Structure formats: C-alpha cells, structure tokens
Amino acid sequence: MQFLYDKRVIVKRYSSTLGEYNRPKKELETVGTYDCHTAETSSNTSQKEPQKANTTELDLYTYPEADIVRGDILYIYELDEYENILPATELKAVADKPYKKRTQLKVPLICDEEV
C-alpha cells in the first residue's frame with residue numbers, strides 16, 4: 001500500500017565531536033532525506049508576554065525505516081510538479097518521540113510561532 005507523500009523532509013542532527021583543546025564541537029549533519037506527509041492534529045493560541053504564540057500540533061508521516069529520533073531538526077518542504085523542493089515553503093520543526101507503525105513512521109512535531 002502506497003501512501004500519498006506530497007512533501008519532502010530533510011533530517012538534520014547535532015553531532016558532537018571533539019575540537020580544539022578537547023572542547024565539544026556541535027555541528028548540524030544531514031541524516032537523510034525522505035518523502036513525507038504532514039497532518040494538523042490541533043491548533044492553539046495562548047497569550048505569552050508580550051505577544052501571543054500560535055502552537056500548531058503537526059504530525060509527520062514517512063517511511064517506517066526512516067532514521068528520525070527525538071530532538072532531530074526537520075526541514076519540511078512542499079514539492080512542485082517535477083518533485084523538486086520549493087525553498088519558500090520551508091517549515092522548520094523539532095522531532096518529538098517517533099511512533100513506528102507497521103506501514104509508516106509517525107513523528108509529532110514541535111513548532112511555535114509568534115503572532
């Protein structure tokens with residue numbers, strides 16, 4: 001069974017290596033690129049000082065063998081008719097704990113935006 005994956009996600013993860021003077025040097029490395037689909041589960045607006053914050057709960061669905069763990073930074077893009085990434089549609093989110101199902105991987109996303 002093939003799902004409708006209409007977007008593409010680029011998964012990046014911080015890797016910690018030792019740099020100069022044995023200090024940890026954190027770098028963002030690309031882990032993988034997968035076709036995906038996002039679905040909104042709920043939307044909430046709360047008053048924060050000094051502005052309101054919009055919290056939208058999104059879930060990302062992708063292949064069950066995708067390498068995504070909690071804390072990964074996900075860059076989600078819509079695709080044009082030739083399956084190319086549209087950079088203007090970038091959504092940046094942090095992955096919460098993924099749920100592996102038999103047919104796909106469900107990843108809750110953490111993303112806030114100010115209104």
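The exercises below work through a predicted model of one protein chain, each with a solution in steps.

**Exercise 1. Describe the overall make-up of the chain and say where confidence is lowest and highest.**

Solution. Begin with the secondary structure, which comes to zero helices and eight strands, so that the elements read β-β-β-β-β-β-β-β from the N terminus on. Next, consider confidence: the mean pLDDT of the chain is 84, and 81% of its residues reach 70 or more. Confidence is lowest in strand β8 (residues 112–114), where the mean is 56, and highest in strand β4 (residues 73–78), where it is 95. Then turn to burial and surface: of the 115 residues, 32% are buried, while the chain exposes about 8,000 Å², with carbon and sulfur atoms supplying 47% of that area. Finally, among contacts between residues at least 6 apart in sequence, 53% join residues at least 24 apart.

**Exercise 2. Determine which surroundings Lys7 has, given that Lys7 is buried yet has no salt bridge.**

Solution. Locate the residue first: Lys7 lies in strand β1, which covers residues 7–18. The nearest side chain of opposite charge belongs to Glu78, at 4.4 Å, whereas a salt bridge calls for a nitrogen and a carboxyl oxygen within 4 Å. The side chain of Lys7 does, however, make a polar contact of 2.8 Å with the side chain of Thr38. Beyond its neighbours within four places in sequence, Lys7 is in contact with several residues, including Tyr34, Asp35, Cys36, Ile76 and Tyr77.

**Exercise 3. Trace the salt bridges of Arg8 and decide which residues they join into one network.**

Solution. A search of the whole structure finds six salt bridges. In one of these, the side chains of Asp35 and Arg8 meet at 3.0 Å, N to O. Asp35 lies in strand β2 (residues 24–47) and Arg8 in strand β1, so this pair ties together parts that are 27 residues apart in sequence. Arg8 itself is buried, with a relative accessible area of 16%. Glu83 also forms a salt bridge with Arg8, with the closest N and O atoms 3.6 Å apart. Because Glu83 lies in the loop between β4 and β5 while Arg8 lies in strand β1, the pair ties together parts that are 75 residues apart in sequence.

For a third pair, take Asp72 and Arg13, whose closest N and O atoms are 2.8 Å apart in a salt bridge. This pair links distant parts of the chain, with Asp72 in the loop between β3 and β4 and Arg13 in strand β1, 59 residues apart. Asp72 is buried at 2% relative accessible area, whereas Arg13 is partly exposed at 24%. Returning to the network, salt bridges that share partners join Arg8, Asp35 and Glu83.

**Exercise 4. Classify Glu83 and Val69 as buried, partly exposed or exposed, and describe the setting of each.**

Solution. The partly exposed class lies between the cut-offs of under 20% for buried and over 50% for exposed. Glu83, with a relative accessible area of 47%, is therefore partly exposed. The phi angle of Glu83 is near 65 degrees, a positive value in a residue other than glycine; most residues other than glycine have a negative phi. Val69, at 36% relative accessibility, likewise counts as partly exposed, and Val69 lies in the loop between β3 (52–62) and β4. Leaving aside its neighbours within four places in sequence, Val69 is in contact with Arg13, Ala95 and Pro98. The C-alpha atoms of Val69 and Asp96 are separated by 7.6 Å, although these residues are 27 apart along the chain.

How values were computed. Residues numbered from 1 in each chain as written. Predicted model: local features only at pLDDT ≥ 70, side-chain atom pairs only at ≥ 80, totals over all residues. Heavy atoms only, no water. pLDDT = per-residue confidence, 0-100. Helix = DSSP H or I, 4+ residues; strand = E, 2+ residues; numbered from the N terminus. Buried < 20%, exposed > 50% of the residue type's maximum accessible area, 1.4 Å probe, protein only. Contact = heavy atoms within 4.5 Å. Areas by Shrake-Rupley, 256 points an atom, 1.4 Å probe, with all protein chains shown as cover. Lys, Arg positive; Asp, Glu negative; His and termini not counted. Polar contact = N/O pair within 3.5 Å; in protein donor to acceptor, adjacent residues only side chain to side chain.
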